[in-house]
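Here is a friendly walk through one structure, with helices, surface patches and salt bridges as the topics. Take a look at it first, and then read on.

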Amino acid sequence: MRIPIQINENSAEPLYHQIESQLRSLIISGQIEEGTLLPSIREFAGNLNCSVITVRRVYQDLENEGLLRTRQGTGTFVAGVGDQAREQYKRDAVIEALKIAVDKGLAVQINEDELKELFIEVVREKYDAKGGR
């Protein structure tokens, strides 16, 4: 299975964090379904051109979160994600992104009303483009 992870080598974000957050997103969003067998650590590292240690850390972190489970001799599988956990993750991800946007607005000294207007403008633009209205 090929997992659609995009690595940005110019990012200040550590490589393992880029991989972990994208894989977590794919699992929680349901794009990678419960029970799916993931590539071996070595195979995944080869696909991503990164070290085996990096992928091992990602798998271990996600297993500790309950998103993956490993069966000795069989491999690493996607664990079940409940609806409540999925909804909480979506909320948390959006809230984190909004906090970053507000921090950016504060850094460039945009006032609250301007920021709200910009937010509404971007939301309308994005949802209209997706036909989400």
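## Helix H5 from end to end

Helix H5 covers residues 112-130, and at 1.5 Å a residue its 19 residues should span 27 Å; the C-alpha atoms at its ends are indeed 27 Å apart, so the expected span and the model agree. Please keep in mind that this is a predicted model.

Both ends of the helix offer a detail to look at. At the start of H5, Asn111 reaches with a side-chain oxygen to within 3.0 Å of the backbone nitrogen of Asp113. Just after H5 comes Gly131, whose phi is positive, at about 70°.

## Two surface patches

Which residues form a negative surface patch? They are Asp113, Glu114, Glu117, Glu121 and Glu125. Of these, Glu125 lies in helix H5, and Asp113 is also the residue whose backbone nitrogen has the side-chain oxygen of Asn111 within 3.0 Å.

There is a nonpolar surface patch too: Val94, Leu98, Phe119 and Ile120 make up about 340 Å². Helix H4 (83-107) and H5 are the elements that give two or more residues to this nonpolar patch. Leu98, for one, is found in helix H4.

## Salt bridges

How many salt bridges are there, counting a side-chain nitrogen of Lys or Arg within 4 Å of a carboxyl oxygen of Asp or Glu? The count comes to five.

One salt bridge joins Arg24 and Glu20, with the closest N and O atoms 2.7 Å apart. Both residues belong to helix H1 (residues 15-28), and because they are four residues apart there, about one helical turn separates Arg24 from Glu20.

Technical notes
Residues are numbered from 1 along each chain as its sequence is written. This is a predicted model: local features need pLDDT of at least 70, side-chain atom pairs count only at pLDDT 80 or more; totals for chains, interfaces and linings use all residues. Side-chain values use heavy atoms; hydrogens and water are left out. The expected span of a helix is 1.5 Å times one less than its number of residues. A polar contact is a pair of N or O atoms within 3.5 Å; within protein, one must be able to donate a hydrogen and the other to accept it, and residues adjacent in sequence count only if both atoms are side-chain atoms. Patches are made of residues with over 30% relative accessible area and no salt bridge: like charges are joined within 9 Å, nonpolar side chains (Val, Leu, Ile, Met, Phe, Trp, Tyr) within 5 Å. Accessible areas come from the Shrake-Rupley method with a 1.4 Å probe; for residues, only the protein chains shown count as cover. Lys and Arg count as positive and Asp and Glu as negative; His and the chain ends are not counted. The place of a charge is taken as NZ of Lys, CZ of Arg, CG of Asp or CD of Glu.
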